Amino acid sequence: MKIQNHSPLPRAIAQYAPADQAVLKELYEKGDLRDNADVGQVLKEYKASLSGSIESKGYHSYDQMTAALQELADRYPDKAQLVSLGKSGEGREIYALRVGTPDEQNPKPGVVITGCHHAREWMTVEVPLHTATTLLENYETDPACKDRVDQTVTWFVPMVNPDGYEYSRTKNSWWRKNRRPIQETGCPNIKGNIGVDPNRNYWDGKPENFELYRPKGDTPCSTEDDWGDGKTSDNPKADTYRGPSGGSEPEVQAMLNLELNPANNIKGIVDYHSYGDMILYPYGSKQLPADRLEIYRDIGSKMNNVLGNRFTLEPSSDLYPTSGGSNDIHEANGIIGLTLEIGRSFQPPASEIPKATAYITPANMVFLDEIRSRYAHA
Ligand code: 0X9
Ligand code: ZN
């Protein structure tokens with residue numbers, strides 16, 4: 001597979017001064033500038049990251065998010081529970097709010113909705129919280145919300161990568177990865193550095209799925225792009241470092257322990273990322289068989305309908321091929337796994353949170369309904 005930029009450099013860059021154009025070109029080469037970007041806003045965010053001047057007020061900090069989830073659990077004790085899925089590299093609990101009551105005798109379909117695999121994608125933290133709040137607050141008045149809460153068990157995980165998020169909020173707002181120091185890369189030619197991209201680190205330990213982490217032809221420790229996957233690296237200096245081994249990262253282990261535990265009966269997962277207004281389905285590194293493709297296109301287009309059909313529905317590999325992505329492992333385990341890339345920049349002003357989250361939540365409701373109608377046996 002050959003890495004290609006999916007879209008041409010946004011034409012809107014022509015209006016910028018030459019120095020800004022050079023910066024924008026660089027961002028484009030890295031994949032940080034997409035075709036439907038709000039180019040001015042992305043440039044502003046990037047420059048603010050260099051001068052340390054971005055405003056994070058209005059976005060939940062880790063502590064505020066923990067408190068918000070706890071508050072929901074306190075308000076709705078018979079419907080919602082705060083659960084720790086494990087600890088991050090720096091020792092923060094990775095919290096889920098579990099909405100719905102598991103039934104061991106007759107397991108209900110499980111759904112997981114995550115935000116913030118990537119530290120700088122701040123709006124993705126707010127979306128799971130908004131959907132959870134909407135479900136619970138409307139339980140008594142909206143029969144559809146009641147059904148969703150009663151008949152599914154949904155795990156909202158707003159911050160998969162809390163260490164990266166806090167670092168992005170307070171130190172370097174352009175930070176993407178987790179914060180684990182990598183001393184030993186396992187590669188004699190490659191030095192250590194900080195941080196693994198959690199969305200390149202997924203592997204479930206099953207030999208038959210190893211190629212989803214490292215495709216055939218992708219040589220370990222190679223500094224060449226020998227598989228044609230320019231967006232997955234063996235170098236910890238890179239923003240897309242896959243880690244020293246598949247599933248090496250505590251955040252990824254926490255998610256996989258939740259998602260692949262048969263007791264949780266997880267049938268569908270939506271991972272929120274930003275940005276680009278895209279609904280992406282597996283695989284990042286190969287093609288889906290026709291019967292699965294049909295399911296993904298059906299669910300994806302129903303979600304897109306409630307989003308005003310403004311999203312592009314396509315396979316992940318069409319954006320760019322990657323390996324070690326979460327959805328690939330989900331799909332390989334028979335779980336519907338989608339990635340939604342939301343918005344037009346990484347850190348829109350916090351004043352946009354209410355509108356942005358209210359826009360996305362209906363797509364989560366559709367997803368819940370689809371999983372419920374396909375997998376509930378009662
Ligand atoms: O690169 C990623 O992990 C995702 N994009 S982001 O800008 N949020 O970092 C895309 C994940 C979808 N998978 C593939 N494109 N293979
Ligand atoms: Zn992302």
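Is histidine 118 buried or exposed? In this predicted model, histidine 118 is buried, with a relative accessible area of 3%. That residue is a good way into the structure, since it takes us straight to a metal site.

**The zinc site**

His118 holds on to the zinc ion (ligand 2) through its ND1 atom, and the other protein donors are Glu121, listed twice through OE, and His273, again through ND1. These donors lie 2.0 to 2.3 Å from the zinc ion. Along the chain, their spacing reads H-x2-E-x151-H. The two histidines tie together distant parts of the chain, as they are 155 residues apart. Here is how the pair looks side by side:

| Histidine | Where it sits | Relative accessible area |
|---|---|---|
| His118 | loop between strand E3 (110–114) and helix H4 (123–137) | 3%, buried |
| His273 | strand E7 (residues 266–273) | 2%, buried |

Both count as buried because the cut-off is under 20% relative accessible area, with histidine 118 at 3% and histidine 273 at 2%.

**Two helices side by side**

Now for helix H4, which has a packing partner in helix H3 (residues 62–75). The two pack at an angle of about 10°, with their axes 11 Å apart. So H3 is roughly parallel to H4, and H3 passes H4 in a left-handed crossing.

Which residues in H3 meet H4? On the H3 side they are Met65, Ala68, Leu69, Leu72 and Arg75. Their partners in H4 are Val125, Leu129, Ala132, Thr133, Leu136 and Glu137. Sorted by class, this contact has eight nonpolar residues, one polar and two charged.

Conventions. Residues are numbered from 1 along each chain as its sequence is written. Chains are lettered from A and ligands numbered from 1 in the order in which they are written. This is a predicted model: local features need pLDDT of at least 70, side-chain atom pairs count only at pLDDT 80 or more; totals for chains, interfaces and linings use all residues. Side-chain values use heavy atoms; hydrogens and water are left out. Donors are N, O and S atoms within 2.8 Å of the metal (3.2 Å for Na, K and Ca); water is not among the atoms, so sites may look incomplete. Helices (H or I, at least four residues) and strands (E, at least two) are DSSP runs, numbered from the N terminus. Buried means under 20% relative accessible area, exposed over 50%, partly exposed in between (1.4 Å probe, protein chains only). Axes are lines fitted to C-alpha atoms, for helices over the stretch in contact, and angles run from 0 to 180 degrees between N-to-C directions. Angles under 35 degrees count as roughly parallel, over 145 as roughly antiparallel, 65 to 115 as roughly perpendicular and the rest as oblique. A crossing is left-handed if the near helix is turned anticlockwise from the far one by less than a right angle, and right-handed if clockwise. Contact means heavy atoms within 4.5 Å. Ala, Val, Leu, Ile, Met, Phe, Trp, Tyr, Cys and Pro count as nonpolar, Asp, Glu, Lys and Arg as charged, and the others, Gly among them, as polar.
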